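Please look through the structure shown below, and then follow the description from one loop to the helices, the cores and the pocket.

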Amino acid sequence: MVEGLRTRKKERTRRAISEVAIAMFLEHGFDQVGVAEIAAAAEVSKPTLFRYFPTKEDLVLERIADHRGEAAAVVRARPAGRTPLDALHDAFMAGLDAREPTTGLCDHPAVMAYHRLVFDTPSLASRVADYAAADTEALAEAMSEALGETTSGAARETAGEVFGGAAGEVFGGAAGEVLDGALSQAAGETAHEVAPRDSGSPRPVPLLTSRLVAAQYVAVRQILARDNYAALASGRTADERYGEAVTAASTAFELLRHGARAHGL
């Protein structure tokens with residue numbers, strides 16, 4: 001019981017420091033506020049602050065830390081009969097309905113200000129990209145588990161055969177650049193998983209397939225959320241944007257399924 005009280009107290013302190021920092025960043029700008037100023041405002045010592053938050057960026061991203069690994073959790077908790085992409089689509093649509101900030105479709109002033117802070121601060125945007133890469137790896141692992149449960153050897157096609165048509169339809173221009181980065185991050189050093197392309201060579205192992213699908217999902221999620229945020233930032237309300245957001249999400253997920261269906265994802 002004592003340990004539980006101690007843990008809750010630490011969590012309250014952690015959140016309090018983060019909220020003080022975010023309020024100061026929103027008022028003065030991320031680069032204009034020093035860590036010492038935050039510690040003083042939060043009434044903690046600078047060493048204490050760094051015990052909770054190793055970097056200045058962590059003070060801001062604490063607010064979204066709970067969402068890390070969320071996509072993988074959705075896949076693992078999916079109902080029987082639903083594919084991973086079905087479950088992810090369901091979750092995203094539910095997020096739109098609930099105006100979840102992670103979908104970009106939340107026009108609450110505090111949420112809009114927070115998004116603006118993150119998107120307009122290069123070091124924060126870079127850390128969000130790191131989060132996306134970690135989410136891709138976690139989701140790929142969850143999808144590999146699903147792939148192992150549902151696919152047979154016949155489903156192991158090459159990534160080019162699976163995604164050659166659909167990816168071109170989904171991504172172009174700047175969006176294509178986002179996907180290229182995501183795919184590079186996800187694929188990493190997986191070339192060793194693919195045997196030379198001769199008539200007797202085996203196809204890529206399922207991990208590569210799941211990483212490619214996961215990377216495309218993460219890129220789609222980012223693009224949809226940024227488009228929704230941009231619409232709200234231009235002055236539209238979440239209710240006004242909702243119908244378009246639903247249509248865009250439905251289109252994106254259908255194109256994802258077009259490539260992933262052969263693999264049971």
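In this predicted model, Glu43 sits in the loop between α2 (35-42) and α3 (46-52). Its backbone deserves a careful look, since Glu43 has a positive phi of about 60° although it is not a glycine. Most residues other than glycine have a negative phi. The relative accessible area of Glu43 is 74%, and because exposed means over 50%, Glu43 is counted as exposed. According to an unreviewed UniProt entry, residues 34-53 carry the feature "DNA-binding region". That span is 75% helix and 0% strand, and its end C-alpha atoms lie 14 Å apart.

Stepping back to the whole chain, the protein has 12 helices and 0 strands. Of its 265 residues, 43% are buried.

Further along the chain comes the loop between α5 and α6, which is where Ala77 is placed. Ala77 has a relative accessibility of 62% and therefore counts as exposed. Although Ala77 and Ala87 are 10 residues apart along the chain, their C-alpha atoms are separated by 8.6 Å. Ala87 itself belongs to the buried residues of α6, as do Pro84, Leu85, Asp86, Leu88, His89, Phe92, Met93, Gly95 and Leu96.

Helix α6 covers residues 84-97, and at 1.5 Å a residue its 14 residues should span 20 Å, which agrees with the 20 Å found between its end C-alpha atoms. Because 10 of these 14 residues are buried, α6 is largely enclosed by the rest of the structure. After α6 comes Arg99, with a positive phi near 60°, again in a residue other than glycine. Arg99 lies in the loop between α6 and α7, and its relative accessibility of 23% means that Arg99 counts as partly exposed, in contrast to the buried class, which requires a value under 20%.

Which residues touch the most other members of the largest nonpolar core? Among the 29 residues of that core, they are Leu88, Leu96, Leu139, Met143, Tyr217, Leu224 and Phe253. The core draws at least two residues from each of α5 (70-76), α6, α8 (122-150), α11 (206-233) and α12 (238-260), and α11 gives the most, with 8 residues. Separate from this is a second core of 22 residues, which includes Ile38, Ala42, Leu59 and Tyr114.

The last feature to consider is the largest pocket, which has a volume of about 1100 Å³. Its lining consists of 35 residues, and those nearest its centre are Thr102, Thr103, Val128, Arg221 and Ala225. Two or more lining residues come from each of α5, α6, α7 (109-120), α8 and α11. Here too, α11 gives the most, with 7 residues in the lining. By class, the lining of the largest pocket holds 20 nonpolar, 7 polar and 8 charged residues.

Taken together, these details connect several parts of the chain. Helix α11, which gives the most to the largest nonpolar core, also gives the most to the lining of the largest pocket, while α6 supplies at least two residues to that core and two or more to that lining.

Key: Residues are numbered from 1 along each chain as its sequence is written. This is a predicted model: local features need pLDDT of at least 70, side-chain atom pairs count only at pLDDT 80 or more; totals for chains, interfaces and linings use all residues. Side-chain values use heavy atoms; hydrogens and water are left out. Helices (H or I, at least four residues) and strands (E, at least two) are DSSP runs, numbered from the N terminus. The expected span of a helix is 1.5 Å times one less than its number of residues. Buried means under 20% relative accessible area, exposed over 50%, partly exposed in between (1.4 Å probe, protein chains only). A nonpolar core is a set of buried Ala, Val, Leu, Ile, Met, Phe, Trp, Tyr and Cys residues joined through side-chain atoms within 4.5 Å. On a 1 Å grid over the protein atoms alone, a cavity is a set of points where a 1.4 Å probe fits but cannot get out, and a pocket is an open set with protein on both sides within 12 Å along at least five of seven lines; lining residues have an atom within 4 Å of a point. Grid points are joined across faces, edges and corners, and a volume is the space filled by probe spheres set on the points. Ala, Val, Leu, Ile, Met, Phe, Trp, Tyr, Cys and Pro count as nonpolar, Asp, Glu, Lys and Arg as charged, and the others, Gly among them, as polar. UniProt positions are given in the numbering used here, feature names are shortened, and annotations may be inferred rather than shown by experiment.
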